[in-house]
Amino acid sequence: MAKAKGGAATPKKKAEAGYAFKFSNLRDDAFARDGIKSQILERYQTEVVPALTEKFSYTNPFRVPRVEKVVLNIGLGEAIKQPKLLEQSFEALGNITGQRPVVTRARKSIATFKLREGMKIGTMVILRRTQMWDFLDRLFLIALPRTCDFRGVSRKAFDGRGNYTLGIKEILIFPEVDIEKLNAVPGMNICIHTSATTDEEGRALLEVLGMPFRQH
């Protein structure tokens, strides 16, 4: 117990409890496959490293760009009026990634949108290592080709430091999402963080990995 100025004990502020939603069948290793490498990881080791070493004349193998993490984010302004949408998106994102998401909150209040600081407005997941490579496998080979009239993704959506951001209009392109459990179909932002220092290196890395870029 902490003491106030007058000497009276004041109760400590309790740490905020975690998000209440739970997954009955979801585990941290939901997509782990013992002894089996993802196609993307195998391609990185056998094709990307030699190709980029030759193209950019790297003398140190540790300079070859690599994917460091993938961040998936669903923003839900509508959740202010319909909290159920946040719960549904939370569950859908967990099923897509095999990892428990975290809830994102408003950083400041905006009266125009009836938004108060700390309100729940979205959900996100950060993928690394095995789950990251498995997700990229499914994104490149399964999810993106399921997009209606898909002709490839933009070659220009880099941030100047080799990181790529992709906007998904509807998360239904992922087979793990059950449309029957959604009152509304949200979109999603996917940011692929790489160790590349330039957009040219980042683009070359993703291109050899199999990112389906548009030709023009």
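A salt bridge, for today, is a side-chain nitrogen of Lys or Arg within 4 Å of a carboxyl oxygen of Asp or Glu. Hi everyone, and keep in mind as we go that this is a predicted model.

With that meaning in hand, how many salt bridges does a search of the whole structure find? The search turns up 6. Side chains of opposite charge can pair when their charged atoms come close. Let me walk you through some of them.

Start with R155 and E207, whose side chains meet at 3.3 Å, N to O. R155 sits in the loop between α3 (129-143) and β6, while E207 belongs to helix α4 (residues 199-209), so this pair ties together parts that are 52 residues apart in sequence. Both ends are partly exposed: R155 has a relative accessible area of 24%, and E207 has 38%.

Next come E91 and K181, which form a salt bridge at 3.9 Å, N to O. Here E91 is in helix α2 and K181 is in the loop between β6 and β7, so the pair ties together parts 90 residues apart in sequence. E91 counts as partly exposed at 31% relative accessibility, and K181 is partly exposed too, at 49%.

Then there is R66 with E68, a salt bridge at 4.0 Å, N to O. R66 is partly exposed at 38%, and E68 is partly exposed at 39%.

Let's go back to helix α2, which covers residues 83-97 and also holds G94. Is G94 buried or exposed? Its relative accessibility is 0%, so G94 counts as buried. The C-alpha atom of G94 lies 9.7 Å from that of V177, although the two residues are 83 apart along the chain.

Now for strand β6, residues 164-168. In a regular strand the side chains alternate between the two faces of the sheet. In β6, Y164, L166 and I168 point to one face and are buried, whereas T165 and G167 point to the other and are not. Strand β6 runs antiparallel to β7 (residues 188-194), and 5 bridges join the two. One thing to look for on screen: Y164 has I192 as its bridge partner in β7.

Finally, the largest pocket, which holds about 320 Å³ of space. Which of its 16 lining residues are closest to its centre? They are T147, F150, G167, I168 and K169. As for chemistry, the lining divides into 8 nonpolar, 4 polar and 4 charged residues. Notice two names from strand β6 coming back: G167 and I168.

Thanks, everyone!

How values were computed. Residues are numbered from 1 along each chain as its sequence is written. This is a predicted model: local features need pLDDT of at least 70, side-chain atom pairs count only at pLDDT 80 or more; totals for chains, interfaces and linings use all residues. Side-chain values use heavy atoms; hydrogens and water are left out. Helices (H or I, at least four residues) and strands (E, at least two) are DSSP runs, numbered from the N terminus. Buried means under 20% relative accessible area, exposed over 50%, partly exposed in between (1.4 Å probe, protein chains only). Two strands pair if DSSP finds at least two bridges between them. On a 1 Å grid over the protein atoms alone, a cavity is a set of points where a 1.4 Å probe fits but cannot get out, and a pocket is an open set with protein on both sides within 12 Å along at least five of seven lines; lining residues have an atom within 4 Å of a point. Grid points are joined across faces, edges and corners, and a volume is the space filled by probe spheres set on the points. Ala, Val, Leu, Ile, Met, Phe, Trp, Tyr, Cys and Pro count as nonpolar, Asp, Glu, Lys and Arg as charged, and the others, Gly among them, as polar.
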